[in-house]
Amino acid sequence: MVVGDFNDEPFDRSIIQHLKASRDLDKVKGATNDFDKFVHTYKYRARETFLYNLSTTLLNKSASGNTGTYFLSGLFDGTIFTNRYQMLDQLVVTRGFLSGSGITAEIDTFDIVDDGTLATSSGRPRSFKYKSSKPNFVPSGYSDHLPLKLKLNY
């Protein structure tokens, strides 16, 4: 399992081609991906995808398209975006987490934690607030990214 801020979105080249994380569940756990039947598994494995990116399941969650773990309001040069949510934080699992034996992921439980404690009423992550009482600023408050959740079974 790989979880974190990838600084790229699930459909970016770095995720699909380099990490080889797919949004196609059958491509990851389907019969066509059963490499145990092949003699030269290293050649087969080099060509195929063995990681499933759960974050892709959330991309069409909202009719308004406002789904993501990070909200980009604008750039340092003054460029301002309207409703620019990004899915930078991702959760990627191997085929083993989908197999049904050992520790398994309940993929239907995967979601962004966007309750009122961590997100504004519009779903944006609450930003950090800084205490200025000390010479070095001390962050307090919340992250500027929303966390992810997934139920695991054993």
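Reader: Is Phe71 buried or exposed?
Author: This is a predicted model, so the answer is a computed one. Buried means under 20% relative accessible area. Phe71 has 12% relative accessibility, so Phe71 counts as buried.

Reader: How many aromatic pairs does the count give?
Author: Two rings pair if their centres lie within 6.5 Å. The rings of Phe71 and Tyr85 have their centres 4.9 Å apart. By this rule the count is one aromatic pair.

Reader: Which kind of pair do the rings of Phe71 and Tyr85 make?
Author: Look at the angle between the planes. Planes over 60 degrees apart count as edge-to-face. The planes of Phe71 and Tyr85 stand at 70°, so the pair is edge-to-face.

Reader: Which parts does this pair tie together, and how many residues apart are they in sequence?
Author: Phe71 lies in strand E4, residues 70–71. Tyr85 lies in strand E5, residues 85–86. The pair therefore ties together parts whose separation in sequence is 14 residues.

Reader: Is Tyr85 buried or exposed?
Author: The cut-off for buried is under 20%. Tyr85 has a relative accessibility of 6%. Tyr85 therefore counts as buried.

Reader: What about Glu9: is this residue buried or exposed?
Author: Glu9 sits in the loop between E1 and helix H1, which spans 13–18. Its relative accessibility is 7%. That is under the 20% cut-off, so Glu9 counts as buried.

Reader: Which residues is Glu9 in contact with, leaving aside its neighbours within four places in sequence?
Author: Contact means heavy atoms within 4.5 Å. With those neighbours set aside, the partners of Glu9 are Ile15, Arg84, Gln86, Met87, Leu88 and Gln90.

Reader: What separates the C-alpha atoms of Glu9 and Gly68?
Author: Along the chain, Glu9 and Gly68 are 59 residues apart. In space, their C-alpha atoms are separated by 9.5 Å.

Reader: Where is Asn7, and what is its phi?
Author: Asn7 is found in the loop between E1 and H1. At 56% relative accessibility, Asn7 counts as exposed. Most residues other than glycine have a negative phi. Asn7 has a positive phi, near 60°.

Reader: Is Lys20 buried, exposed or partly exposed?
Author: Lys20 lies in the loop between H1 and E2. Its phi is also positive, near 60°. Its relative accessible area is 29%. Partly exposed runs between 20% and 50%, so Lys20 is partly exposed.

Reader: Which are the edge strands of the four-strand open sheet?
Author: The order is E1-E6-E3-E2, with mixed pairing. An edge strand here pairs on one side only. The edge strands are E1 (2–5) and E2 (21–22).

Reader: In which sense do E2 and E3 pair, and what is the bridge partner of Ser22?
Author: E3 covers residues 51–53. E2 and E3 pair over two bridges, in the parallel sense. In E3, the bridge partner of Ser22 is Tyr52.

Reader: Which residues form the nonpolar patch on the surface?
Author: One member is Tyr154, in the segment after strand E10 (148–153). At 85% relative accessibility, Tyr154 counts as exposed. Together the patch residues have about 570 Å² of accessible area. They are Met1, Val3, Ile103, Leu152 and Tyr154.

Reader: How many helices and strands does the protein have?
Author: Read along the sequence, the pattern is β-α-β-α-α-β-β-β-β-β-β-β-β. Each α stands for a helix and each β for a strand. The protein has three helices and ten strands.

Notes:
Residues are numbered from 1 along each chain as its sequence is written. This is a predicted model: local features need pLDDT of at least 70, side-chain atom pairs count only at pLDDT 80 or more; totals for chains, interfaces and linings use all residues. Side-chain values use heavy atoms; hydrogens and water are left out. Rings of Phe, Tyr and Trp (its six-membered ring) pair if their centres lie within 6.5 Å; planes under 30 degrees apart count as stacked, over 60 as edge-to-face and the rest as tilted. Buried means under 20% relative accessible area, exposed over 50%, partly exposed in between (1.4 Å probe, protein chains only). Two strands pair if DSSP finds at least two bridges between them. Patches are made of residues with over 30% relative accessible area and no salt bridge: like charges are joined within 9 Å, nonpolar side chains (Val, Leu, Ile, Met, Phe, Trp, Tyr) within 5 Å. Accessible areas come from the Shrake-Rupley method with a 1.4 Å probe; for residues, only the protein chains shown count as cover. A salt bridge is a side-chain nitrogen of Lys or Arg within 4 Å of a carboxyl oxygen of Asp or Glu.
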